[in-house]
Amino acid sequence: MRLIDADALEDNLEATIKVYKRNAKYDESLLRQVNALKLELKIIKDAPTIEPKRGRWVTHGVAKGSEICDQCGFVQLRHRVNNYCPNCGARMEASDD
Ligand SMILES: [Zn+2]
């Protein structure tokens, strides 16, 4: 699974559609591309969504200087600051210290 910012993708497609529509009077093939992009946009908007998992980095008692994801147990070195768990994808909230 690959998580993306669908809102940013929708904004980008809508901006492209506007430009294509503006130039369609010079190039009729752009109208077909506008319709194709509108279909892609509808597919994106209708796609099922999931709520991102939330987690926290908690101090890891075994390995000094490391933290553990409370959702999947992934251990990372504490000096690495990740806003998400690279193993399970949980969006991390403030740590426990
Ligand atoms: Zn995790």
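These legends go with several close-up views of a predicted model.

**View 1. Two domains in one protein chain.**
Let's start with the whole chain before we zoom in. The domain assignment gives domain 1 as residues 6-46 and domain 2 as residues 51-97. Taken over C-alpha atoms, the centres of domain 1 and domain 2 are separated by 39 Å.

**View 2. Helix α1 and its residue T16.**
Helix α1 covers residues 6-23. How far apart are the end C-alpha atoms of α1? They are 26 Å apart, which agrees with the 26 Å that its 18 residues should span at 1.5 Å a residue. The number of buried residues in α1 is zero, so this helix lies largely in the open. T16 is a good place to pause, and it belongs to α1. Because T16 has 14 other C-beta atoms within 10 Å, it counts as partly exposed, since a residue needs 20 or more to be buried and 12 or fewer to be exposed. Now look across to L37: T16 and L37 are 21 residues apart in sequence, yet their C-alpha atoms are 8.4 Å apart in space.

**View 3. Helix α2 and its residue I44.**
Helix α2 runs over residues 29-46, which makes 18 residues. From its first C-alpha to its last, α2 reaches 26 Å, close to the 26 Å expected at 1.5 Å a residue. Helix α2 is hardly covered, with a buried count of zero among its 18 residues. I44 sits in this helix. Is I44 buried or partly exposed? It is partly exposed, because 14 other C-beta atoms lie within 10 Å. Leaving out residues up to four places away in sequence, I44 touches A6, L9 and E10. The C-alpha atoms of I44 and D7 are separated by 9.4 Å, although these two residues are 37 residues apart along the chain. As you trace a helix, keep one handy idea in mind: an α-helix has 3.6 residues a turn, so residues three or four places apart point the same way.

**View 4. An open sheet of four strands.**
Which order do the strands of this open sheet follow? The order is β3-β2-β1-β4, and the pairing is mixed. The edge strands are β3 and β4 (91-93), each of which pairs on one side only. On average, neighbouring strands of this sheet are turned by 40 degrees against each other, direction ignored. A general tip for reading such a picture is that in a regular strand the side chains alternate between the two faces of the sheet.

**View 5. Strand partners, pair by pair.**
Strand β1 is joined to β2 (residues 66-69) by three bridges, and the two run antiparallel. Two places to find along this pair are V58, whose bridge partner in β2 is I68, and T59, which stands opposite E67 in β2. Strand β1 is also joined to β4 by three bridges, but here the strands run parallel. In that pairing, R54 has R91 in β4 as its bridge partner. Strands β2 and β3 (residues 75-77) pair in the antiparallel sense over three bridges, with E67 opposite Q76 in β3. How many residues lie between β2 and β3 in their hairpin? There are five, and G73 in the turn has a positive phi of about 90 degrees.

**View 6. G55 and its surroundings.**
G55 belongs to strand β1 (residues 54-59). Why does G55 count as buried? It has 20 C-beta neighbours inside 10 Å, and the cut-off for a buried residue is 20 or more. Leaving out residues up to four places away in sequence, G55 touches C69, D70, Q71, C85, A90 and M92. The C-alpha atoms of G55 and A94 are separated by 9.0 Å, while the two residues are 39 residues apart along the chain.

**View 7. The largest nonpolar core.**
Five residues make up the largest nonpolar core: W57, I68, C69, C85 and A90. To explore this core, try starting from C69, one of its members. Residues up to four places away in sequence aside, C69 touches G55, W57, F74, C85, N87, C88 and A90.

Terms used: Residues are numbered from 1 along each chain as its sequence is written. This is a predicted model: local features need pLDDT of at least 70, side-chain atom pairs count only at pLDDT 80 or more; totals for chains, interfaces and linings use all residues. Domain bounds come from an automatic or database domain assignment. The expected span of a helix is 1.5 Å times one less than its number of residues. Two residues are in contact if their C-beta atoms, placed from the backbone, lie within 7 Å. Two strands pair if DSSP finds at least two bridges between them. A nonpolar core is a set of buried Ala, Val, Leu, Ile, Met, Phe, Trp, Tyr and Cys residues joined through C-beta atoms within 7 Å. Axes are lines fitted to C-alpha atoms, for helices over the stretch in contact, and angles run from 0 to 180 degrees between N-to-C directions.
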